Amino acid sequence: MALRQFTARVVRPYAPVLRKSATLSAFRTYATKYYTVEHEWISVDNDVGTLGVTEYAQQSLGDVVFVETPAVGQSVSVNAQIGTVESVKAVSDIYSPVSGEVTDVNEKLVEEPSLINSSPEEDGWLAKIKLSNTEELSGLLDEAAYKAHCEGEEDH
């Protein structure tokens, strides 16, 4: 009986508060994903964008054998080359979809470049950039527009 009384008097009154705070924290960590017509993606959370190549791009590239990432601390401009991805088929340049400063790079890609093939939009990310101008995001594609762009390329 003592446990029931404790639950009824202590835990239940705070349950709505706990649910509300959990919901708000979920919104704080929500990231927005954008795409470029050159098949790069960027997921933005608190003005830091994590970027990489899309699933569509990795399929076009084939087996990735080498990745060059930018240096941490490097300032980048929108549409500037920041790295390369080399596959058995071709070498492709990677362009920054935003301006800012590189805050982190995916060191795992040095030893395991195939992460781009196995998980291009999760484990195969290339770099993180602290955005200097969030308005540049308005020039990028959302998921629906990017899918339509890819379908248009497949038709040609």
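This passage describes the strands, the nonpolar cores and the salt bridges of a predicted model.

A good place to begin is strand β2 (40–45), which is mostly covered, with five of its six residues buried. On one side of the story stands β1 (residues 32–35), joined to β2 by four bridges in an antiparallel arrangement. Within this pairing, Lys33 sits opposite Ser43 of β2. The two strands make a hairpin with four residues between them, and His39 in the turn has a positive phi of about 75°. The next partner is β3 (48–53). Here six bridges connect β2 and β3, again in the antiparallel sense, and Val44 faces Gly49 of β3. This pair also forms a hairpin, now with two residues between the strands; Asn46 in the turn shows a positive phi of about 55°.

A further group of strands is arranged as an open sheet. Three strands take part, in the order β4-β6-β7, with antiparallel pairing. β4 and β7 (91–95) are the edge strands, as each of them pairs on one side only. Ignoring direction, neighbouring strands of the sheet are turned by 20° against each other on average. Between β6 and β7, the antiparallel pairing runs over five bridges, and Glu86 stands opposite Val91 of β7. For readers who like to think in terms of backbone interactions, strands of a sheet pair through backbone hydrogen bonds, either parallel or antiparallel.

Attention now turns to the side chains packed inside. The largest nonpolar core has 24 residues, of which Leu51, Ile94, Ile116 and Leu126 touch the most other members. Many elements feed this core: those giving two or more residues are β2, β3, α2 (55–61), β4 (64–68), β6 (81–87), β8 (100–105), α4 (115–118) and β9 (127–131). The greatest contribution comes from β9, with three residues. As for Leu51, its contacts beyond its neighbours within four places in sequence are Trp41, Ile42, Ile82, Ile94, Pro97, Trp125, Leu126, Ala127 and Ile129. Apart from the largest core lies another, made of seven residues, including Trp41, Tyr56, Trp125 and Leu141. As general background, nonpolar side chains tend to be buried together in soluble globular proteins.

Charged side chains complete the picture, and the structure holds two salt bridges. In one of them, the side chains of Lys33 and Glu121 meet at 2.8 Å, N to O. This pair ties together distant parts of the chain, with Lys33 in strand β1 and Glu121 in the loop between α4 and β9, 88 residues apart. Lys33 is thus a residue with two roles in this description, standing opposite Ser43 in the strand pairing and meeting Glu121 through its side chain. Lys33 counts as partly exposed because its relative accessible area is 28%, and Glu121 is likewise partly exposed, at 24% relative accessibility.

The other salt bridge joins the side chains of Lys147 and Glu143 at 3.4 Å, N to O. Both residues belong to helix α5 (residues 143–155), where they lie four residues apart, about one turn of the helix. Lys147 is partly exposed, with a relative accessible area of 47%; the value for Glu143 is 44%, so Glu143 is partly exposed too. In general terms, side chains of opposite charge can pair when their charged atoms come close.

Conventions
Residues numbered from 1 in each chain as written. Predicted model: local features only at pLDDT ≥ 70, side-chain atom pairs only at ≥ 80, totals over all residues. Heavy atoms only, no water. Core = buried A, V, L, I, M, F, W, Y, C linked by side-chain atoms within 4.5 Å. Buried < 20%, exposed > 50% of the residue type's maximum accessible area, 1.4 Å probe, protein only. Contact = heavy atoms within 4.5 Å. Salt bridge = Lys/Arg side-chain N within 4 Å of Asp/Glu carboxyl O. Pairing = 2+ DSSP bridges. Axes fitted to C-alpha atoms, helices over the stretch in contact; angles between N-to-C directions.
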